[in-house]
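Good morning, colleagues. I would ask you to look at the structure with me, and to keep the ligand sites in view.

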Amino acid sequence: MKKTIIAMAAMCMAASASAAGYTLLSPDGNISFNIGTTATGTPVYDVTFKGEPVVGESTLGLVADEFKFTDGLAMTVVATDSVDETWQPVWGETADIRNNYNEVLVSFADAKGLTVNVRARAFDDGVGFRYEVPEQRGLNYATLRGEDTQFALPADMTMYVIPGDYDSDEFLYTVAPVSQLKEKMPNPRHTESSRIPGLAAQTPLLMKHPERPLYVNIHEAALVGYPAMAVEIDADAKVLKSHLTPDKNGVRAYLQAPFVTPWRTIMIGDEATDILASQLIYNLNEPSVIEDTSWIVPRKFVGVWWEMFTGGKTWAYSDKYNAKPGVTDYSALPSNGRHPANTENVKRYIDFAAENGIPGVLVEGWNEGWEDWGGYKKNRQFLFDKPYPDFDLEGLVDYANSKGVKLIMHHETAANAADYERQLDRAFDFMNEHGYDAVKTGYVGHVIPRSEYHSSQWMVDHYINVAQKAADHKIMIDSHEAVRPTGLMRTYPNWVAQESARGGEFESFGGNPPSHTAILPFTRLKGGPMDYTPGLFEMDLSSYGQGNTSRGLTTLARQLALYLTMPSPLQMACDLPENYRRFPDAFQFIKDVPVEWRDSRYLEAEPAEYITVARLDKNSDDWYVGTITNENARKAEIDFSFLPKGVNYTATIYQDGADADYLANPQSYKISTKKVNSKTRLKIDVAPGGGAAIRLVPVK
Ligand code: NOJ
Ligand code: CA
C-alpha cells in the first residue's frame, strides 16, 4: 500500500515530462522495448534483441463501452525504476530466483484527459507489459470489449501452437511456419461455441526464427480479474492479435477503475534452453500471500485412477442413472461391482505406497454424484462430503495414517463452478476434519453458469477464489481443466499444479506423440507445473482385455525421464501397482526422484525434438539428469561440467534397451552404473520415442 502511494506521488511529479517515445533496455542491454505513439496517436511498441527485431511495430490499446484507448492519445513518461532482488520460491526448479529488470511507466491521455498507463519491464530474458487504468474523474466502471495488443512477427516464424479455444487446452501442437498454419493446423475444438473464429492459437505459444537463432514465447502473467488471452493469427500480415475470452454476451470483462490487466509476456532467447530456464512469468507475479507455508508439502502420489482409463472400471458406484431432478441420495442404488474406489482396493494402494515410500494416494470416484455425469442440467451433482457406501472414509484415513501415507482428495465439479462455490466451505471443512491436505479438482464439461467459459473472467476469479479459500484451510490444490496457468503459483504456492493441457490421460485415448512432451516444457509449463501424470509402464492397453486398444506412445525409460523434464511439486506415478511390481528395478527411479529442486540446468534442447536437463535435489546433494527425444532416435551428449569440481558420483543410468522403440518394443530398458565427475562426457543412445534418466549420488 505504502509503495503504491509513493509510486502515485512520483507519477504526479513526473507527469509534465512529455516524450515522443521511450526506449527501455534490459539490464544486460540486449533487449530493447520501445514505446510511443504513431502520428495519429495510436500507442505502439516494438522489441529488439541484440539489435535485431523480435516484435515489429505493434499496436497497444484497450476498448470498452466507456472509453476507447486506441488512437488520438498523447504519451507521457511518468516514472522509471530498476530492481535487482532474489526471492525464494516455496517449491520449484531452483531454490533462488533472481528478479532483475528495468521498468518504465508511461501514460496515454485522450483529448478529454482520460488516461491509461502502460507499465513495462525489460529483463535479460524478455519483457512484460500491462495496462493500468488509474482511478480518475469520468471513468468508474468499464465494460471491456477487447484489447488491441498486437505482436508483429519479424519473419515467417515457425509456430508451436494449439488451436484457440475458450474452454480447453487439451490439444496436440502443430509445428509450422505461420504462413502454412492455416493448412496445417487441425481444428479440434472443445465445443462448437468455444471455437475462436478464424485462425487462432492459445498461449503460451512458442515461435522460432527461420534463419537466425531466436526463440520467443508469448504468454501472460498474473491473470487476475480478467479473461485469458488467446491470439488471432493474421498469417498474411504475420501479426498476432490479442483475443480475450468473452462471456456469452460478448463482454470480455467487467471492471472498475483502478484496475490493471495481466502482463503480456515476451520471453526471448537465442538458444532454446533460454526459454526453458526463464523465470520471467513468476517474476511478474506478486509474492506469496501465504505467510506460513510450512504446511505446503510437495509429494509424489499413486492413485485409484488409471484403472478407470484402462477400461471396464467406473468412477460411479452404480450403473443406475438417477435421473430424477433434485434427487441427490445415491446410497440406495445397487453397486455395479466395477467401482475401484472401494475400501479393499484403496487399502491395496495405501500398502503399495507405504512399501515404496510414496507419500500420497489419490482416490477418484469416492463420493456420490458420478451416476449423474452430465448432471449439469441440474442444480447439484456432486457431494463433496458424502462417500459412497463401499468407501469407508474414516477407516481408510486411519489406515493411511497408520502407514505414514496421506490420502489425496478429489473434487470433480463437472464444471458446475457455481455449485462448487456453494459447497466449498463445507468441502474444505470436511477435508480438515479428516486430515486431507491436498485436493485434485476437475472441471469437465460446460461451465455452470452457462454464460461462462473455462477461460472467462468469472471463471478466472473462481479458480483464484478456490486457491485462496484452500489456503485458508491449509489445503493444496491441483486443478484439472482450469484456465492455463500464468505464474499465480508464486502468489498462491498452495496451488501446486494444474493440468490445463493434453496430459498423460490421453495415452488411453489414442496416445500422445513423443514430440508432445518435447514441446510442453517450452509452452504450457512456462505458466506453472503440470500434473501430467507420468510413470506409464504398461503401454499396451489392449493387454487388459477391457476393450481399450489405445497404446501409450512412449518407451518405459522415457517415462522416467519425464519426472525431470516435466517437474511438478505434486507428481503422480500413474500406473497400477501390479505394473510397477513387474519392473521393480525401473520403479526404483520413481521412488528415488525428488519433486523439489535446489538448482536446474538445461543442457541441450530443441522444441519438438529433444530436451536434456540436470537438476539438484533441494534436500540432498544428489543430481539427476533426464533426457527425452521425439519419434527419432538420437544420441544425447551429456556434459557433466555442471557438477562441483573434485567430487565423484555414482551414476545409475536408466536408459532404453538397444532394441527399444516406442511403437515396437517400449518396455526394453537397461540399468547400469558408472563413476562420473565434472570432467565426464557421456553419450547415451535414446530410442525413437525414448529417454533416459540418471541419478547421481556423491561418493562418500
Ligand atoms: C479429467 C481429469 O483430467 C482426469 O484426471 C480425471 O480423472 C477425470 N477428469 C475425472 O474427474
Ligand atoms: Ca483432463
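Ligand 1 occupies the second largest pocket; a pocket is an open set of points on a 1 Å grid over the protein atoms alone, with protein on both sides within 12 Å along at least five of seven lines, and a molecule sits in it if more than half of its atoms lie within 2 Å of its grid points. Please note that this is a predicted model, in which local features need pLDDT of at least 70, side-chain atom pairs count only at pLDDT 80 or more, and totals for linings use all residues. Residues are numbered from 1 along each chain, ligands are numbered from 1 in the order written, and hydrogens and water are left out.

Which residues are closest to ligand 1? Among the 13 that surround it (a heavy atom within 4 Å), the closest are Trp305, Glu364, Glu412, Lys440 and His480. Polar contacts, pairs of N or O atoms within 3.5 Å, join oxygen atoms of ligand 1 to side chains: glutamate 364 at 2.6 Å, glutamate 412 at 2.6 Å and glutamate 505 at 3.1 Å.

Glu505 also coordinates the calcium ion, ligand 2, together with Glu170, Glu481 and Glu499, at 2.2 to 2.7 Å; for calcium, donors are N, O and S atoms within 3.2 Å. In sequence, these donor residues are spaced E-x310-E-x17-E-x5-E.

Conventions:
A polar contact is a pair of N or O atoms within 3.5 Å; within protein, one must be able to donate a hydrogen and the other to accept it, and residues adjacent in sequence count only if both atoms are side-chain atoms. On a 1 Å grid over the protein atoms alone, a cavity is a set of points where a 1.4 Å probe fits but cannot get out, and a pocket is an open set with protein on both sides within 12 Å along at least five of seven lines; lining residues have an atom within 4 Å of a point. Donors are N, O and S atoms within 2.8 Å of the metal (3.2 Å for Na, K and Ca); water is not among the atoms, so sites may look incomplete.
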